[in-house]
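Colleague: Got a minute to walk me through this one? I'd like to go feature by feature, with the reasoning spelled out.

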Amino acid sequence: MGITADVILSELKYLVDEDKRIVLPKFFKTGKGEYGEGDKFLGVVVPNIRSVATSHLDAADSDIAILLSSPWHEMRMCGLLIMVENCKQTRKRSWIKSHSDEDAENLRKQYLDIYLSHTDRINNWDLVDLSAPTIVGEYLADKKRDILYNLAESRLLWEQRIAIVSTYALIRNNDLDDTYMLAEKLLQHPHDLMQKAVGWMLREAGKRDKPRLMDFLDEHSTDMPRTMLRYSIEKFTDGEREYYMKRK
């Protein structure tokens, strides 16, 4: 490992919670045949990982790549959070004063390239959900979204989840088209984690435009997996939820 990665590993080991070290592998399904099979956990909670990441925002791209290649879940998360926090920095007034728009664009593009070259290591739902909206979704806000559709076509579960969860950033800008198009593409996905992710994004899109979500459900609710449907209607009234669930 590089020097920075070694330092980060030492800092994370100092923050290990022995109870979490036992619980986390079970929670993230690391057993044989489960979606997180073989992943290794030190036992560090997210706020502490974020604290370590924030103290290493100057990590070089090569260091981040080393972190993302680590067998330790928390090391990979730390690499992702370094990129996320740096992307967020580019929106702060103090950063904008001393940098150009080109600087911000170049940084986000560097991180996107690193991210997309390590999707096989962004291999659990927490890693995806903490990173995809900022690193992928925000970068694509003013660009073509072909990347999302290519990811959605992947055979890799995590790339498919990155595709739909990245649209969370677009939803925040009231840009809903890609969420619905990807939801339609992924409508029959057999995996529980994808059904939850698609339903979650539909729910968030519905907060911005409820009639549009209802139109989508009127067309597709009878074909959706129940898990996806339940997530998508979570903010509806009791009567509305009952109506759509009875259509199944």
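Modeller: Sure. Before we get to any loop, one definition: helices are DSSP runs of H or I with at least four residues, numbered from the N terminus. And keep in mind that this is a predicted model.

Colleague: With that in hand, where is S100 found?

Modeller: Helix α6 covers 93–98, and S100 comes after it and ahead of α7. At 32% relative accessible area, S100 is partly exposed. Its place is the loop between α6 and α7.

Colleague: And how many Å separate the C-alpha atoms of S100 and E240?

Modeller: Along the chain, S100 and E240 are 140 residues apart. In space, their C-alpha atoms are separated by 48 Å.

Colleague: Let's do the pocket. Which helix gives the most to the lining of the largest pocket?

Modeller: The space in the largest pocket is about 170 Å³. Its lining has 15 residues, and those closest to the centre are L24, F28, V46, M77 and D126. At least two lining residues come from each of α2 (18–27), α3 (46–54), α5 (73–89) and α8 (125–137). The top contributor, with four residues, is α8.

Colleague: How many residues of that lining are nonpolar?

Modeller: Sort the lining residues by class and you get one polar and three charged. The nonpolar count is eleven.

Colleague: On to charges. What is the N to O distance in the salt bridge between D129 and R161?

Modeller: D129 sits in helix α8 and R161 in helix α10 (residues 157–172), so this pair ties together parts 32 residues apart in sequence. The side chains also count as joined by a polar contact. The N to O distance in the salt bridge is 2.7 Å.

Colleague: Is D129 buried or exposed?

Modeller: The cut-off for buried is under 20% relative accessible area. D129 comes in at 18%, and its partner R161 falls in the same class, as both are buried. So D129 counts as buried.

Colleague: Which residue forms a salt bridge with K143?

Modeller: K143 is in the loop between α8 and α9 (146–152), and its partner is 38 residues away in helix α7 (residues 101–116). K143 is partly exposed at 25% relative accessible area, and the partner is also classed as partly exposed, at 28%. With the closest N and O atoms 3.1 Å apart, that partner is E105.

Colleague: How many salt bridges does the count come to?

Modeller: The rule takes a side-chain nitrogen of Lys or Arg within 4 Å of a carboxyl oxygen of Asp or Glu. By this rule the count comes to 20.

Colleague: Which residues are linked with R203 in a network of salt bridges?

Modeller: R203 lies in helix α12 and is buried, at 13% relative accessibility. In that helix (residues 192–208), K207 and E204 are three residues apart, so about one helical turn separates them. Their side chains meet in a salt bridge of 3.1 Å, N to O, and E204 is buried at 8%. The residues networked with R203 are E204, K207 and E234.

Colleague: How far apart in space are R203 and I233?

Modeller: In sequence, R203 and I233 are 30 residues apart. C-alpha to C-alpha, the distance is 6.3 Å.

Colleague: Why is C78 not bonded to the closest cysteine sulfur?

Modeller: A disulfide needs two cysteine sulfur atoms within 2.5 Å. C78 is buried at 0% relative accessibility, and C87 is buried too, at 3%. A search of the whole structure finds zero disulfides. The sulfur of C78 is too far from that of C87 for a bond, because the separation is 15 Å.

Colleague: Last one, on backbone angles. What is the phi of N174, which is not a glycine?

Modeller: A positive phi also turns up at K29, about 55° although K29 is not a glycine; K29 lies in the loop between α2 and α3 and is partly exposed at 35%. N174 is in the loop between α10 and α11 (177–185), and at 51% relative accessible area N174 is exposed. Its phi is positive, at about 60°.

Terms used
Residues are numbered from 1 along each chain as its sequence is written. This is a predicted model: local features need pLDDT of at least 70, side-chain atom pairs count only at pLDDT 80 or more; totals for chains, interfaces and linings use all residues. Side-chain values use heavy atoms; hydrogens and water are left out. On a 1 Å grid over the protein atoms alone, a cavity is a set of points where a 1.4 Å probe fits but cannot get out, and a pocket is an open set with protein on both sides within 12 Å along at least five of seven lines; lining residues have an atom within 4 Å of a point. Grid points are joined across faces, edges and corners, and a volume is the space filled by probe spheres set on the points. Ala, Val, Leu, Ile, Met, Phe, Trp, Tyr, Cys and Pro count as nonpolar, Asp, Glu, Lys and Arg as charged, and the others, Gly among them, as polar. Buried means under 20% relative accessible area, exposed over 50%, partly exposed in between (1.4 Å probe, protein chains only). A polar contact is a pair of N or O atoms within 3.5 Å; within protein, one must be able to donate a hydrogen and the other to accept it, and residues adjacent in sequence count only if both atoms are side-chain atoms.
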